[in-house]
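Welcome, and thanks for taking a look at this one with us. Below is a short tour of some charged and polar side chains and of the strands around them.

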Amino acid sequence: GAKFIIFAALQTLIDPGDEVLIPAPYWVSYPTMVELVDGVPVIVPSDESTGFKPLALDIEKRITEKTKVLLLNSPNNPTGQMYTQTEIADIAKMLKRHPRLVVISDDIYNQLVFT
C-alpha cells in the first residue's frame, strides 16, 4: 500500500503545527499519520450533494497561513468516488492561488477503475 510512502512524505514536509487538508471521507489512518508528525489534520467535509467529494471551493475555504499539504485520494477509499477532469482542473486552478501548498496524491487505486 501507499501508507508508508505518504507517512514518509509527511515526515519530510510537516513541521510542528503545520496543517494538512484531508478531504472527507478519507482513509482511516490519514489523520493519525499527520498527528504522528506533529501536524494538524484539517478535515474538509463533503456530502451527497457533491458526490462525497469536497470541491475546490470547499478546500480553499479551509486554507490558512499554516496549511502546508493537501492530501488527495482519487479513486477514493472508502467510497470509490473519483474526481472528474473538470473537478481536478478546478482544484488545480485554485492551487495556483496558493503556490506554497504541496499536493500528495494517493491514487494507489487508479488501476482498479471499472467502467
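## A loop asparagine

Where is asparagine 76 found? In this predicted model, asparagine 76 sits in the loop between β3 and α4. Although it is a loop residue, asparagine 76 has a relative accessible area of 10%, so it counts as buried.

Its side chain has partners on the backbone. One is the backbone oxygen of proline 25, reached at 3.0 Å; another is the backbone nitrogen of threonine 79, also listed at 3.0 Å. Setting aside neighbours within four places in sequence, asparagine 76 is in contact with Pro25 and Gln81. If you follow the chain further, the C-alpha atom of aspartate 107 lies 8.0 Å from that of asparagine 76, with the two positions 31 residues apart along the chain.

## Strand β1 and its partners

How many of the five residues of β1 are buried? Five of the five are, and the strand is described as mostly covered. In a regular strand, side chains alternate between the two faces of the sheet. Here Glu19, Leu21 and Pro23 are buried on one side of β1, and Val20 and Ile22 are buried on the other, so both faces are covered.

β1 pairs with two strands that you can pick out in the viewer. With β2 it runs parallel, joined by five bridges, and glutamate 19 stands opposite valine 40 of that strand. Between β1 and β2 the chain passes through helix α2 (residues 30–36), giving a right-handed β-α-β crossover. With β3, the pairing is again in the parallel sense, over three bridges; valine 20 has valine 69 as its bridge partner there.

## Threonine 67, a polar residue in β3

Threonine 67 belongs to strand β3. Is it buried or exposed? Its relative accessible area is 2%, so threonine 67 is buried.

The side chain of threonine 67 makes a polar contact with the side chain of glutamate 19 at 3.0 Å, and it reaches the backbone nitrogen of threonine 64 at 2.8 Å. Beyond its neighbours within four places in sequence, threonine 67 is in contact with Glu19, Leu21, Arg62, Arg100 and Leu101. Glu19 and Leu21 in that list are on one side of β1.

## Salt bridges across the chain

Side chains of opposite charge can pair when their charged atoms come close. How many salt bridges does a search of the whole structure find? The search finds four.

Aspartate 18 bridges to lysine 68, with the closest N and O atoms 3.2 Å apart. Aspartate 18 is in the loop between α1 (3–13) and β1 (19–23), while lysine 68 is in strand β3 (residues 67–73), so the pair ties together parts 50 residues apart in sequence. Aspartate 18 counts as buried at 14% relative accessibility, whereas lysine 68 counts as partly exposed at 25%.

Lysine 53 and glutamate 87 meet in another salt bridge, at 2.9 Å from N to O. Since lysine 53 lies in the loop between β2 (40–44) and α3 (56–60) and glutamate 87 in helix α4 (residues 85–96), this pair ties together parts 34 residues apart in sequence. Lysine 53 is buried at 11% relative accessibility, and glutamate 87 is buried with a relative accessible area of 18%.

Glutamate 60 forms a salt bridge with arginine 97, the closest N and O atoms being 2.8 Å apart. Glutamate 60 is in helix α3 and arginine 97 in the loop between α4 and β4 (102–106), so parts 37 residues apart in sequence are tied together. Arginine 97 is partly exposed, with a relative accessible area of 49%. Shared partners also join Asp15, Asp18 and Lys68 into one salt-bridge network.

## A buried charge without a bridge

Aspartate 106, in strand β4, makes a useful contrast. Which side chain of opposite charge is nearest to aspartate 106? It is lysine 3, 9.8 Å away, and aspartate 106 is buried yet has no salt bridge. A salt bridge requires the nitrogen and oxygen to be within 4 Å.

Aside from neighbours within four places in sequence, aspartate 106 is in contact with Ala2, Ile6, Tyr30, Leu72, Asn73 and Ser74.

Conventions
Residues are numbered from 1 along each chain as its sequence is written. This is a predicted model: local features need pLDDT of at least 70, side-chain atom pairs count only at pLDDT 80 or more; totals for chains, interfaces and linings use all residues. Side-chain values use heavy atoms; hydrogens and water are left out. Helices (H or I, at least four residues) and strands (E, at least two) are DSSP runs, numbered from the N terminus. Buried means under 20% relative accessible area, exposed over 50%, partly exposed in between (1.4 Å probe, protein chains only). A polar contact is a pair of N or O atoms within 3.5 Å; within protein, one must be able to donate a hydrogen and the other to accept it, and residues adjacent in sequence count only if both atoms are side-chain atoms. Contact means heavy atoms within 4.5 Å. Two strands pair if DSSP finds at least two bridges between them. A crossover is right-handed if, with the strands pointing away from the viewer, the path from the first strand over the helix to the second runs clockwise. Lys and Arg count as positive and Asp and Glu as negative; His and the chain ends are not counted.
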